[in-house]
Amino acid sequence: MKNFVSASVLSADMLNFSSEIRKLEENGIDMLHFDVMDGVFVNNITFGIPVLEQVRKVTGMTLDVHLMITDPLRYIERFAACGADIISFHLESCSDTAETLKAIRSCGVKAALAIKPSTPAEAVFEYLNDLDMVLVMTVEPGFGGQSFIPSTVDKIRSIREKITSLGLDVDVEVDGGINGETAAVVREAGANVLVSGSYLFGAQDMRKAALSLKEDMPC
Ligand code: DX5
Ligand code: ZN
């Protein structure tokens with residue numbers, strides 16, 4: 001299975017966004033992860049459609065949009081129209097899950113279902129046939145720079161095992177507190193799309209940091 005790194009731009013220098021994107025492109029990052037927060041679903045407010053529209057104009061990178069908003073179904077068409085390649089929304093948000101997955105796919109966008117640390121693995125099982133990716137939050141959604149929650153590892157493993165047993169081609173993304181050490185743990189459990197913000201942007205050598213997220217490094 002191929003591993004991907006998705007850079008959480010929450011940790012980027014927003015006033016120099018285009019040069020930050022260039023830097024990510026040049027250092028082997030696969031996707032840009034956008035944490036869209038509405039101040040209601042989580043206790044934080046970030047950015048949304050106008051920023052994505054501008055970003056789409058300056059890069060061909062995969063735009064991985066993580067919606068932490070209430071009733072995401074209302075906004076699917078607009079996020080798709082501004083160039084999202086993948087849209088994740090939360091099972092805990094109040095839109096109908098099956099309907100929202102369908103809406104994302106009908107826009108030609110990859111559909112992903114996100115779950116908070118306290119939501120059990122089994123909650124996503126009934127949707128696995130109708131989605132492209134499961135996003136397992138490895139911190140409480142809302143802020144970058146938090147510590148990885150170890151109890152999420154078993155959940156990653158259960159979801160990957162279920163996907164394999166069903167013979168499906170579904171990615172498992174992890175988000176929050178991912179660094180060189182936690183990356184090895186989540187990869188071993190079955191994650192293959194790794195979101196990283198503070199670790200990547202704080203690294204002296206971004207290329208090396210990205211590589212350490214994707215594969216085991218020699219000691
Ligand atoms: C948290 C966000 C994450 C976060 C990752 O709500 O979904 O994407 O910014 O940041 P780090 O890698 O710093 O934990
Ligand atoms: Zn995220």
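Is Asp35 buried or exposed? Select this residue in the model, which is a predicted one. Asp35 has a relative accessible area of 4%, and because buried means under 20%, Asp35 is buried.

**The zinc site**

Next, display the zinc ion (ligand 2) together with the side chains around it. His33 (NE2), Asp35 (OD), His66 (ND1) and Asp175 (OD) coordinate this ion at 2.0 to 2.3 Å. The site of the zinc ion (ligand 2) has 6 donor atoms, with angles of 67 to 165 degrees among them, and is octahedral. Along the chain, the donors are spaced as H-x1-D-x30-H-x108-D. Distant parts of the chain are linked here: Asp35 belongs to strand β2 (residues 31–37) and Asp175 to strand β7 (residues 171–175), 140 residues apart.

Now select Asp175. Its relative accessibility is 7%, so Asp175 also counts as buried.

**Strand β7**

Extend the selection from Asp175 to the whole of β7. The strand is mostly covered, with 5 of its 5 residues buried. Viewed along its length, the side chains alternate in direction: Asp171, Glu173 and Asp175 point one way, Val172 and Val174 the other way, and all are buried.

**The neighbours of β7**

Add strand β6 (residues 133–137), which runs parallel to β7 and is joined to it by 5 bridges. Within this pairing, Leu135 stands opposite Glu173 of β7. To follow the connection, select helix α6 (residues 152–165): the chain passes from β6 through this helix to β7, in a right-handed β-α-β crossover.

Then select strand β8 (residues 193–196). β7 and β8 also run parallel, joined by 3 bridges. The bridge partner of Val174 in β8 is Leu194. Displaying helix α7 (residues 180–189) completes the picture, since β7, α7 and β8 form a right-handed β-α-β unit.

**The largest pocket**

For the last stop, switch on a surface. Where is empty space left? Rolling a probe the size of a water molecule over the atoms shows this. The largest pocket holds about 280 Å³ of space. Its lining is made up of 27 residues, and those nearest its centre are Gly144, Gly145, Asp175, Gly176 and Gly177. Asp175 therefore deserves a second selection: this buried residue is a zinc donor and also lies in the pocket lining.

Finally, colour the elements that contribute to the lining. β2, β3 (62–68), β8 and α8 (198–202) each provide at least two residues of it.

Methods
Residues are numbered from 1 along each chain as its sequence is written. Chains are lettered from A and ligands numbered from 1 in the order in which they are written. This is a predicted model: local features need pLDDT of at least 70, side-chain atom pairs count only at pLDDT 80 or more; totals for chains, interfaces and linings use all residues. Side-chain values use heavy atoms; hydrogens and water are left out. Donors are N, O and S atoms within 2.8 Å of the metal (3.2 Å for Na, K and Ca); water is not among the atoms, so sites may look incomplete. Four donors count as tetrahedral if all angles lie between 85 and 135 degrees; four count as square planar and six as octahedral if opposite donors are over 155 degrees apart and all others between 65 and 115; anything else is irregular. Helices (H or I, at least four residues) and strands (E, at least two) are DSSP runs, numbered from the N terminus. Buried means under 20% relative accessible area, exposed over 50%, partly exposed in between (1.4 Å probe, protein chains only). Two strands pair if DSSP finds at least two bridges between them. A crossover is right-handed if, with the strands pointing away from the viewer, the path from the first strand over the helix to the second runs clockwise. On a 1 Å grid over the protein atoms alone, a cavity is a set of points where a 1.4 Å probe fits but cannot get out, and a pocket is an open set with protein on both sides within 12 Å along at least five of seven lines; lining residues have an atom within 4 Å of a point. Grid points are joined across faces, edges and corners, and a volume is the space filled by probe spheres set on the points.
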